[in-house]
Amino acid sequence: MKLLIDDADVNAIRRLIDYYPIDGVTTNPTILARSGRSPFDVLGEIRSIIGPEAELHAQVTARDAAGMIEDGRRIAGELGPNTFAKVPSVPEGFKAMKALVSEGVKVTATAVYTPLQAYLAGKAGASYAAPYINRIDNMGYDGVAVACAIHDIFRANGIACNVLAASFKNSQQVLELAQYGVGAATVASSVIDGLVKNPAIDAAVDAFISDFEGLVGAGKTMASC
Ligand SMILES: O=C(CO)[C@@H](O)[C@H](O)[C@H](O)[C@H](O)COP(=O)(O)O
């Protein structure tokens, strides 16, 4: 499972890229609005931070297919080869997906709440479909189960599309999808930090260092003892 950052905070992205094996960044219009900056300025800066190989997903904002196609062309044209135009999985969106894919633009189908939206997006040629795990949970359904069902539908039908699960609120949701082996998860910075936040882990590492310093002297390490 690939791991992406669901954020447009360039400082957070720079820090997480430095520490963790990250495969890319996703944004949406709400996330971009939070930055308070011009959208293509932020997206260009994110691209320069993550480098040309990492994935960058940016969302179209037009309401009709013709506008979505224009948005998708600009996103793909200005942000480098590993860029995906995120298109909502609504009727106008499916029409736009087919056109963009036929032009060679990589598409991520977003705003996915049901397996059949993802099925249609996959058949339209999208590379990813993004089910909103926590939002589905909040509606009284099981977001992880929906994502797993989508993964199975793609495999059962020979559809070359992957799940890019989104809208996570806790580590357990990420864990269950990693166990199932879905294609990718995009996770907010605070939730990525939480993946390895555990007092037992910190206590274990502290004890190793204290014991070693007791042997060789405070502040000494394997390199300096
Ligand atoms: O769709 C993608 C990635 O394709 C995400 O950026 C997606 O928009 C976000 O994860 C969700 O909108 C965030 O949902 P929430 O945290 O507001 O529940």
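**Figure 1. N28 and the ligand.** In this predicted model, the side chain of N28 has an N or O atom sitting 2.8 Å from an oxygen atom of the ligand. On its own, the ligand would expose 450 Å², and the protein buries 86% of that. Where does the ligand sit? The space it takes up is the largest pocket.

**Figure 2. T110 and S167 beside the ligand.** Two more side chains reach ligand oxygen atoms here. For T110, the distance from a side-chain N or O atom to an oxygen atom of the ligand is 2.7 Å. For S167, the matching distance is 2.8 Å.

**Figure 3. The shell around the ligand.** Now look at the ligand's whole neighbourhood. How many residues surround the ligand? There are 15, and the closest are D6, N28, T110, S167 and K169. Sort the shell by character and you get 4 nonpolar, 7 polar and 4 charged residues.

**Figure 4. S167 and its backbone angle.** You've met S167 already, as one of the residues closest to the ligand. This time, check out its backbone: phi is positive, at about 60°, even though S167 isn't a glycine. For residues other than glycine, phi is mostly negative. S167 belongs to the loop between β7 (162–165) and α9 (171–180). Is S167 buried or exposed? With a relative accessible area of 12%, S167 falls under the 20% cut-off, so it counts as buried.

**Figure 5. A111, another positive phi.** A111 isn't a glycine either, yet its phi is positive, at about 55°. Instead of a loop, look for A111 in strand β5, which covers residues 106–112. Its relative accessibility is 24%, so A111 counts as partly exposed. T110, whose side chain has an N or O atom 2.7 Å from a ligand oxygen, is one of the residues closest to the ligand.

**Figure 6. E55 and its partner K2.** E55 lies in strand β3, which runs over residues 55–59. Which side chain does E55 contact? Its own side chain makes a polar contact with the side chain of K2, at 2.8 Å. E55 counts as buried because its relative accessible area is 7%, and the cut-off is under 20%.

**Figure 7. Stepping back to the whole protein.** To place all these close-ups, zoom out. The protein has 225 residues, and 44% of them count as buried. Its secondary structure comes to 11 helices and 8 strands. Along the principal axes, the C-alpha trace spans about 70 × 35 × 30 Å.

How values were computed:
Residues are numbered from 1 along each chain as its sequence is written. This is a predicted model: local features need pLDDT of at least 70, side-chain atom pairs count only at pLDDT 80 or more; totals for chains, interfaces and linings use all residues. Side-chain values use heavy atoms; hydrogens and water are left out. A residue is near a molecule or strand if one of its heavy atoms lies within 4 Å of it. A polar contact is a pair of N or O atoms within 3.5 Å; within protein, one must be able to donate a hydrogen and the other to accept it, and residues adjacent in sequence count only if both atoms are side-chain atoms. Accessible areas come from the Shrake-Rupley method with a 1.4 Å probe; for residues, only the protein chains shown count as cover. On a 1 Å grid over the protein atoms alone, a cavity is a set of points where a 1.4 Å probe fits but cannot get out, and a pocket is an open set with protein on both sides within 12 Å along at least five of seven lines; lining residues have an atom within 4 Å of a point. A molecule sits in a cavity or pocket if more than half of its atoms lie within 2 Å of its grid points. Ala, Val, Leu, Ile, Met, Phe, Trp, Tyr, Cys and Pro count as nonpolar, Asp, Glu, Lys and Arg as charged, and the others, Gly among them, as polar. Helices (H or I, at least four residues) and strands (E, at least two) are DSSP runs, numbered from the N terminus. Buried means under 20% relative accessible area, exposed over 50%, partly exposed in between (1.4 Å probe, protein chains only).
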